[in-house]
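Me: Please take a close look at a single part of this model for me, beginning with the way strands pair and then moving to the charged side chains. I would like one connected account, with the cut-offs stated as you go.

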Amino acid sequence: MSYIPQGTVYGTLLNFRSEFDAMAPQMNEAPYKAPPKAPVLYVKTAITFSPSGAQIPVPARVPQVEIGATVGLVMKSATEVAGCVLMNDLSVPHASFFRPPVKFKCLDGFLGIGAEVRATDPAKLQIEVLANGELRQTVRFDALVRDPERLLADVAEFMTLREGDVLLLGCDAPRPLAKAGDRIELRSDPLGSLVNILVPGAA
C-alpha cells in the first residue's frame, strides 16, 4: 500500500544555497527589501498528492513544468521525525519567490510521493533525477541553508507541526524541466524510487 500524507504538507523555499543565491537580487526589492529571516513555507494541498506510479496531468496551457526532487520529513510529533520520504514537488515555472501562488504550486496531482517512509539521516541523502531514463540532476542535501535540525527548530519558532505533517527540505536550483509525455524517476538508495508519468491534461 502506498504512503499518503495524513497531515499537512509544507514546502520550503530558498533552503538550497543555489536557489538562495539565484534569488538574492530579488530579496532587496519591494515589498520586503531584505532577505527573509525565517523559513519561507507554502502548502501543497491534498489535491496535489500523486502516489508513485500515478500519471500526473499537465494542463495544455503549461508547456513545461519544473521537477522538484526533494525529501519530506514525516513528523511523529511537533519536534520528532518519524522518517523520510521521496517527493517530487512539481510546479509551473515562475520568477518570484514572494507568496508562491496556488496556481503555480497546487495543480491537481503536482506532488509525487514515494511509496514508503523510512528512517534515515536526511542530511546524507542524494537523489538522482531521471527524465525518460536520462540523468538530469543529482541533488545532495549537504548544501542546505538550514540543515534538517535547524529547519525544524526555526519553523517551531512560529508554528507547530503535528503528527502526520510533512516538511519538505526544499529544491535545488536550477530545477530540470519536463513536459507531458515524460517519465520522471527519482532514485535514492535509502528511500527507493519514485516514478510518475506526465500526461496531457485539460486546457
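Reply: Two strands are taken to pair if DSSP finds at least two bridges between them, and the elements themselves are DSSP runs numbered from the N terminus, helices being H or I of at least four residues and strands E of at least two. The model is a predicted one, in which local features need pLDDT of at least 70 and side-chain atom pairs count only at pLDDT 80 or more, whereas totals for chains, interfaces and linings use all residues. Residues are numbered from 1 along each chain as its sequence is written, and side-chain values use heavy atoms, with hydrogens and water left out.

By that rule, strand β13 (residues 183-188) pairs with β14 over six bridges, in the antiparallel sense. The connection from β13 to β14 is a hairpin of three residues, and within this pairing Ile 184 faces Asn 196 of β14. Strand β14, which spans residues 192-200, is also joined by four bridges to strand β4 (residues 55-58), and there the two strands run parallel. In this second pairing, Val 58 has Pro 200 of β14 as its bridge partner.

Turning to the charged side chains, Lys 44 deserves the closest look. Lys 44 belongs to strand β2, residues 40-44, and counts as buried because its relative accessibility is 1% (buried means under 20% relative accessible area, exposed over 50% and partly exposed in between, with a 1.4 Å probe and protein chains only). Apart from neighbours within four places in sequence, the residues in contact with Lys 44 (heavy atoms within 4.5 Å) are Val 9, Phe 49, Asp 89, Leu 90, Lys 105, Cys 106, Phe 110 and Leu 111. Two of these residues can be described in more detail. The side chain of Lys 44 reaches the backbone oxygen of Lys 105 at 2.6 Å, while the side chains of Lys 44 and Asp 89 come together in a salt bridge, 2.8 Å from N to O (a side-chain nitrogen of Lys or Arg within 4 Å of a carboxyl oxygen of Asp or Glu). This pair links distant parts of the chain, since Asp 89 lies in strand β7 (residues 81-89) and Lys 44 in strand β2, 45 residues apart. Asp 89 is likewise counted as buried, because its relative accessibility is 1%.

The structure holds 11 salt bridges, and among them is one between the side chains of Glu 66 and Arg 175, at 3.9 Å from N to O. Glu 66 lies in strand β5 (residues 65-66) and Arg 175 in the loop between β11 (166-168) and β12 (177-178), so this pair ties together parts that are 109 residues apart in sequence. Glu 66 is buried at 16% relative accessibility, and Arg 175 is buried with a relative accessible area of 15%.

A further salt bridge provides a contrast in exposure: Arg 118 and Glu 116 form one in which the closest N and O atoms are 2.9 Å apart. Here Arg 118 is partly exposed at 28% relative accessibility, and Glu 116 is partly exposed at 42%. Elsewhere, Lys 44, Glu 66, Asp 89 and Arg 175 are joined into one network by salt bridges that share partners.

Definitions and conventions
A polar contact is a pair of N or O atoms within 3.5 Å; within protein, one must be able to donate a hydrogen and the other to accept it, and residues adjacent in sequence count only if both atoms are side-chain atoms.
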